[in-house]
Protein chains: 2
Amino acid sequence: MSVGIRDVARAAGVSTATVSRVLGKGPVSEALRAQVEAAVRATGYRPNLSARRLRSRETQTIGLIVADIRNPFFTAVSRAVEDAAYAAGLRVILCNTDEDPEREALYLRLMEEERVTGVIFAPTTATADGLRAGSLGFPVVLIDRTGPPGLHDGVVLDNVAAGAALVDHLVERGATRIGGLFGSTSSTARERRAGYEAALARHGLAPMTRAVLPNAQAAEAEAARWLAEPGRPEALVVSNGLLLMGALRAARTSRLAVPGDLALAGFDNEPWTDLVEPGLTVVEQPVAEIGRQAMHLLFDRLEHPDQPVRRVVLGGRLVVRGSTRRG
Amino acid sequence: MSVGIRDVARAAGVSTATVSRVLGKGPVSEALRAQVEAAVRATGYRPNLSARRLRSRETQTIGLIVADIRNPFFTAVSRAVEDAAYAAGLRVILCNTDEDPEREALYLRLMEEERVTGVIFAPTTATADGLRAGSLGFPVVLIDRTGPPGLHDGVVLDNVAAGAALVDHLVERGATRIGGLFGSTSSTARERRAGYEAALARHGLAPMTRAVLPNAQAAEAEAARWLAEPGRPEALVVSNGLLLMGALRAARTSRLAVPGDLALAGFDNEPWTDLVEPGLTVVEQPVAEIGRQAMHLLFDRLEHPDQPVRRVVLGGRLVVRGSTRRG
DNA sequence: ACCGATGTTGAAAACGTTTTCATCGCCGCT
DNA sequence: AGCGGCGATGAAAACGTTTTCAACATCGGT
C-alpha cells in the first residue's frame with residue numbers, strides 16, 4: 001500500500017541505507033544522490049516520522065503547556081514559540097491545563113510518553129513547587145511563572161518591579177486608597193503582589209488585596225462585590241489582562257467613572273486596552289521575546305545539559321493611558 | 001537506560017505480549033493483570049508512543065491548520081478542537097499558515113509524514129481550490145472556509161445570510177451609502193461579500209467594496225484611506241474581527257464619530273467589542289460549536305469512510321450594539 | 001607495485017512496541 | 001475416556017526507519 005524506503009531503494013537500484021543517507025546528511029556520491037532524489041519524486045515517498053523517531057531516538061518534538069490558549073498573553077507567547085520551533089524543525093504539542101494541577105500532571109506524563117526533547121511550561125504554584133530537577137526525562141523551561149529557585153531554566157517578567165511601578169505611578173497621580181486584585185494560582189501574581197505591597201509600604205500606604213481564580217468572570221464578580229463595599233478602593237492594580245477586563249466590566253456595571261471614581265491599572269498591552277474609553281494604563285509584557293527566549297533557553301540546555309540553571313528576567317514597559325489620569 | 005516493556009515483562013514474570021495486552025485491551029486473567037500492573041508501577045514504565053504508533057499504524061494524532069492562532073476566532077475554535085481531541089485520546093499538532101499557500105502545502109506534507117488520522121483545516125482559496133479528494137492519506141475537515149463543493153466535509157457559518165443580515169440591519173437603521181471591507185484570501189470573505197451585495201441589490205442600493213489582507217494593520221490603512229475620500233461610505237460592513245478592529249481604529253484617527261459619522265458592523269463577538277464605546281454590532285459565530293462539530297465530522301468520516309460528504313452550516317447571531325444606532 | 005588511509009556502499013541489526021500464530025490447559029459434551 | 005472448542009499465554013514476526021559494521025574501491029606516498 002503505502003510506499004516505504006524499500007520501494008524507493010528498489011526504484012533507485014540502491015540499498016535502503018543509501019536512501020536514508022540521501023534523506024539525512026550522510027556521505028553519498030553525486031550520481032547516486034541524483035538517482036535517489038529522482039526515485040523519491042517518482043514514487044511520491046513520504047518518510048514515516050514515527051519510525052524515524054523510534055529508530056533515531058530523536059523525536060524533534062517539544063511540549064508547550066499553558067493554562068489557557070485563550071488568554072491573549074499565552075496566545076502570543078505560543079505563536080512565538082511555534083514560529084521558533086518550526087523554524088528549527090521541531091513539532092509542537094500544545095496543551096491547556098486550565099490551572100488544574102491534575103491536568104498538569106497528566107500532560108507531563110504524556111510528554112514523557114512522547115519522549116519529547118523538551119517542554120515549555122507555565123505551571124501553577126501547586127505543581128511548580130513539587131517539580132523536581134531530573135525527575136522527568138527532558139529539560140523544562142518555565143515561562144511566565146517560576147518554581148523553586150535554581151531548579152529549572154525560565155523566563156519571566158520582572159514582576160516585582162512591574163507591580164511596584166504601577167503603584168508608584170498611581171501614587172504620583174494622587175491616589176492613596178490603592179487596592180490590588182491578584183490571581184490565586186501563579187507565582188507571577190504572588191510576585192506582582194509583593195511589588196505592589198513593597199511600593200505601598202515605601203509610600204507609607206496600607207495594602208488592600210483580593211485573590212481570585214484567574215479568569216474574567218471571577219474577577220468581575222469579586223471586583224463588583226468589592227466596589228460596592230463602603231471602604232472601596234479609589235484605584236485598582238490588577239494582575240493580568242483577563243482580570244483587568246473583569247475589573248473594567250465591574251466598574252461599568254457599578255456605574256463608577258474611570259478614572260474619576262476609580263483609577264485602573266494592570267498588565268498586558270492587548271489591542272483592546274487602548275480602544276476602550278478611557279485607554280487602560282498597563283505594563284506591557286514583551287510577549288514575543290518571552291517565547292523566543294524560552295526556545296533559546298531550551299536549545300542551550302539541550303546543547304549543554306550541565307550548564308548552570310539560568311533565569312532570564314525581562315523588563316516590562318509602562319504604558320500610561322487615560323484610566324490613571326489625575327482625578 | 002530507559003525502562004521498556006521487556007523490563008516490565010521480566011519484573012512481572014510474563015511475556016511482553018501479556019504486558020501489551022494489559023496496557024491495551026486484550027484478554028488477560030485477573031491474576032496476571034494485577035502482577036503486570038504492579039510491575040508497571042514498580043518500574044515506573046512509560047510506553048514509547050513512537051514505537052506504539054509505528055507498530056499499530058494508528059497515530060492517534062490530528063492536525064489543526066489555521067491562519068493565525070492570534071486571531072481570536074481561531075483561538076476559540078482551536079481550544080474547542082483540542083478539548084474534544086484530548087478527551088478522545090488524540091494528540092493535536094497546531095500549525096499557523098499566515099494565509100500563505102506555501103506554508104499550507106508545507107504543513108500538509110508534514111501531516112502526511114506524521115501519518116495523522118485526520119486534519120482540520122482553514123485553507124486559503126488558493127489552496128482550497130486545488131485540494132483534491134483522496135490525494136492526501138487522511139480525511140480533511142474544512143472549517144470556516146470551504147473548497148470546491150462535494151469534496152470535503154466542513155463546517156461553516158451561513159456567511160451569505162450573515163452578510164445580508166448586517167446590510168438589512170443597517171438599511172433598517174436608515175443607512176444608504178454602505179461600504180464593505182472584506183478579506184482577500186478566504187472563501188468566507190467572498191461569501192459574506194456575496195450576501196452583502198445581494199442584500200444591497202434587494203434594497204436597490206449600490207455596493208462599494210474594498211479587499212485587504214486579513215489583518216488589522218492592512219484594514220486600518222485601507223479604511224483610513226477610504227474614509228478620507230470624498231464619496232466615503234456612511235456605514236461599513238467588515239468581514240471579520242481583526243478587520244473590524246482596524247476599521248474602528250481608522251474611524252478614531254479620522255475623527256469620525258461612530259455611529260454619527262460612520263456606522264460600523266462586523267463579525268465575531270469578541271469580549272472587547274462590547275467594552276468599546278459605542279459597543280460594536282456584530283454577527284456572533286458559535287466558535288465552540290464550530291470546533292466541536294469539526295471533530296464530530298472527522299470522527300464520523302473515520303468510522304464511515306465512504307459516507308457522502310457533509311457540510312454543516314451554522315447560523316450566526318446578530319448582536320446589535322451602539323455602533324449602528326440610528327444616525 | 002605495495003600499503004594505509006579515505007570515502008562510498010550494502011547487509012543486517014536495532015529501536016520498542018503490537019500482532020500473529022501456535023500451544024497449552026481446561027471444560028463440557030458425547 | 002476421548003474429543004472439540006475456547007480462553008489465556010508466549011515466541012517470534014512485523015512495523016519503517018537509522019545506524020553499525022564490514023567490504024570494497026580509489027588514491028597518494030613510498
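Here is a walk through this predicted model, starting at the DNA and working inward through the two protein chains.

Let's begin with DNA strand D. It has 27 residues around it, and the closest are A:Ile5, A:Ser20, B:Ser15, B:Pro27 and B:Arg55, so both chains are represented in that short list. Helix 1 (5–12), helix 2 (16–23) and helix 4 (49–56) of chain A each put at least two residues into the surface near this strand, and helix 2 (16–23) and helix 4 (49–56) of chain B do too. Helix 4 of chain A gives the largest share, with 5 residues. Sorted by class, that surface holds 12 nonpolar, 11 polar and 4 charged residues.

Now turn to DNA strand C. There are 27 residues around this strand, and A:Ser15, A:Pro27, A:Arg55, B:Ile5 and B:Ser20 come nearest. Two or more residues each come from helix 2 and helix 4 of chain A, and from helix 1 (5–12), helix 2 and helix 4 of chain B. Here the largest share, again 5 residues, belongs to helix 4 of chain B. The class count for the surface near DNA strand C reads 12 nonpolar, 11 polar and 4 charged residues.

The chains also meet each other. On the chain B side, 32 residues are in contact with 32 residues of chain A. Helix 4, helix 5, strand 2, helix 6 (101–114) and helix 11 (241–253) of chain B each bring at least two residues to that side. Its make-up is 15 nonpolar, 6 polar and 11 charged residues. Helix 4 of chain B thus turns up both here and in the surfaces near DNA strand D and DNA strand C.

Next, follow chain B into strand 1 (residues 61–66). How many of its residues are buried? The count is 6 of 6, so this strand is mostly covered. B:Thr61, B:Gly63 and B:Ile65 point one way, while B:Ile62, B:Leu64 and B:Val66 point the other way, and all are buried. Strand 1 has two parallel partners to look at. With strand 2 (residues 91–96) of chain B, the pairing runs over 6 bridges, and B:Val66 sits opposite B:Asn96. With strand 3 (residues 118–121) of chain B there are 4 bridges, and B:Gly63 faces B:Val119. Helix 5 (residues 72–87) of chain B joins in as well: together with strand 1 and strand 2 of that chain, this helix makes a right-handed β-α-β unit.

Over in chain A, take a look at strand 3 (residues 118–121). A:Gly118 and A:Ile120 point one way, A:Val119 and A:Phe121 the other, and all are buried. Strand 1 (residues 61–66) of chain A pairs with strand 3 in the parallel sense over 4 bridges, with A:Gly63 opposite A:Val119. Strand 3 of chain A also pairs in parallel with strand 4 (residues 140–143) of chain A, over 3 bridges, and there A:Ile120 has A:Val141 as its bridge partner. Add helix 7 (residues 125–130) of chain A to strand 3 and strand 4, and you have a right-handed β-α-β unit.

Further along chain A comes another sheet. Its 6 strands form an open sheet in the order 7-6-8-9-10-12, with mixed pairing. Strand 7 (208–212) and strand 12 (317–319) of chain A are the edges, each pairing on one side only. Neighbouring strands in this sheet are turned by 15° against each other on average, direction ignored. Within the sheet, strand 6 (residues 178–183) and strand 8 (residues 235–238) of chain A pair in the parallel sense over 4 bridges, and A:Gly179 has A:Leu236 as its bridge partner. Two helices lie across these strands. Helix 9 (residues 187–202) of chain A crosses strand 6, strand 7 and strand 8, running at about 165° to strand 6. Helix 10 (residues 216–227) of chain A lies across strand 6 and strand 7, at about 150° to strand 7.

One last stop is B:Gly316, in the loop between strand 11 (311–314) and strand 12 (317–319) of chain B. Is B:Gly316 buried or exposed? B:Gly316 counts as buried because 21 other C-beta atoms lie within 10 Å, and the cut-off for that label is 20 or more. Leaving out residues up to four places away in sequence, B:Gly316 touches B:Leu157, B:Asp158, B:Ala162, B:Val283, B:Glu284 and B:Gln285. B:Asn159 is 157 residues away from B:Gly316 in sequence, yet the C-alpha to C-alpha distance is 8.2 Å.

Conventions:
Residues numbered from 1 in each chain as written. Chains lettered and ligands numbered in written order. Predicted model: local features only at pLDDT ≥ 70, side-chain atom pairs only at ≥ 80, totals over all residues. Buried ≥ 20, exposed ≤ 12 C-beta atoms within 10 Å, placed from the backbone. Pairing = 2+ DSSP bridges. Right-handed = clockwise from strand over helix to strand, strands pointing away. Near = placed C-beta within 6 Å. Nonpolar A, V, L, I, M, F, W, Y, C, P; charged D, E, K, R; others polar. Axes fitted to C-alpha atoms, helices over the stretch in contact; angles between N-to-C directions. Contact = placed C-beta atoms within 7 Å.
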